[in-house]
Amino acid sequence: MTAAEVIIADITAYIQGNSTTSLAVGTGSKTFTLTASITFIVGMSVVASDGSGNSMTGTVASQSGLSLVLTIASVIGSVTHATWTIVGTNVFRFCPTPND
């Protein structure tokens, strides 16, 4: 392999958790209480959906135990739901040093 050749590998990690927190669909800060101990990564992109077409998209702001705070930037729908599935994705990019 020459110095000009670079191998890049993108690996996408998915994390899924559930919440029974009653929340209205909307933008801004939303705090969910998870039903199980799942670790999300601060800054991770997330989608919280209710399974019936309503969703909120944003990023993880913080997490402490079962309390997950999301910063919601966009939404679909406008109702209040008490059951949410939260899916987070994070892309890890690997750029190994080429061997000459």
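The exercises below, each with a worked solution, concern the predicted model shown above.

Residues are numbered from 1 along each chain as its sequence is written, and side-chain values use heavy atoms, with hydrogens and water left out. Since the model is predicted, local features need pLDDT of at least 70 and side-chain atom pairs count only at pLDDT 80 or more, while totals for chains, interfaces and linings use all residues.

**Exercise 1. Describe the secondary structure of the protein and how β6 pairs with β3 and β5.**

Step 1. Helices (H or I, at least four residues) and strands (E, at least two) are taken as DSSP runs and numbered from the N terminus; on this basis the protein has zero helices and eight strands.

Step 2. Two strands pair if DSSP finds at least two bridges between them. Strand β3 (residues 28–33) pairs with strand β6 (residues 67–76) in the antiparallel sense over six bridges, and within this pairing K30 stands opposite L70 of β6.

Step 3. Strand β5 (residues 55–64) also pairs with β6 in the antiparallel sense, over nine bridges, with Q63 standing opposite L68 of β6. The two strands β5 and β6 form a hairpin with two residues between them, and G65 in the turn has a positive phi of about 60°.

**Exercise 2. Decide whether the loop residues T21 and G77 are buried, partly exposed or exposed, and list their contacts.**

Step 1. Buried means under 20% relative accessible area, exposed over 50%, and partly exposed in between, computed with a 1.4 Å probe on protein chains only. T21, in the loop between β1 (9–19) and β2 (23–24), counts as buried because its relative accessibility is 16%.

Step 2. Contact means heavy atoms within 4.5 Å. When neighbours within four places in sequence are left aside, T21 is in contact with T31, F32, T33, H81, A82 and W84.

Step 3. G77, which lies in the loop between β6 and β7 (80–81), has a relative accessible area of 40% and is therefore partly exposed. Not counting residues up to four places away in sequence, G77 touches V25 and N54; the C-alpha atoms of G77 and N54 are separated by 4.8 Å, although these residues are 23 residues apart along the chain.

**Exercise 3. Characterise the largest nonpolar core and the surroundings of F40.**

Step 1. A nonpolar core is a set of buried Ala, Val, Leu, Ile, Met, Phe, Trp, Tyr and Cys residues joined through side-chain atoms within 4.5 Å. The largest such core has 16 residues, and those with the most contacts inside it are F32, F40, L70 and I86.

Step 2. The elements giving two or more residues to this core are β4 (45–49), β5, β6 and β8 (84–94), and β6 gives the most, with three residues.

Step 3. Not counting residues up to four places away in sequence, F40 touches I15, Q16, G17, L34, V46, V60, Q63, L68, I86 and G88.

**Exercise 4. Find the aromatic pair and state its geometry.**

Step 1. Rings of Phe, Tyr and Trp (its six-membered ring) pair if their centres lie within 6.5 Å; planes under 30 degrees apart count as stacked, over 60 as edge-to-face and the rest as tilted. A search of the whole structure finds one aromatic pair.

Step 2. This pair is formed by F32 and W84, at 6.1 Å centre to centre and with 85° between the planes, and is edge-to-face.

Step 3. The pair links distant parts of the chain, with F32 in strand β3 and W84 in strand β8, 52 residues apart, and both F32 and W84 are buried.
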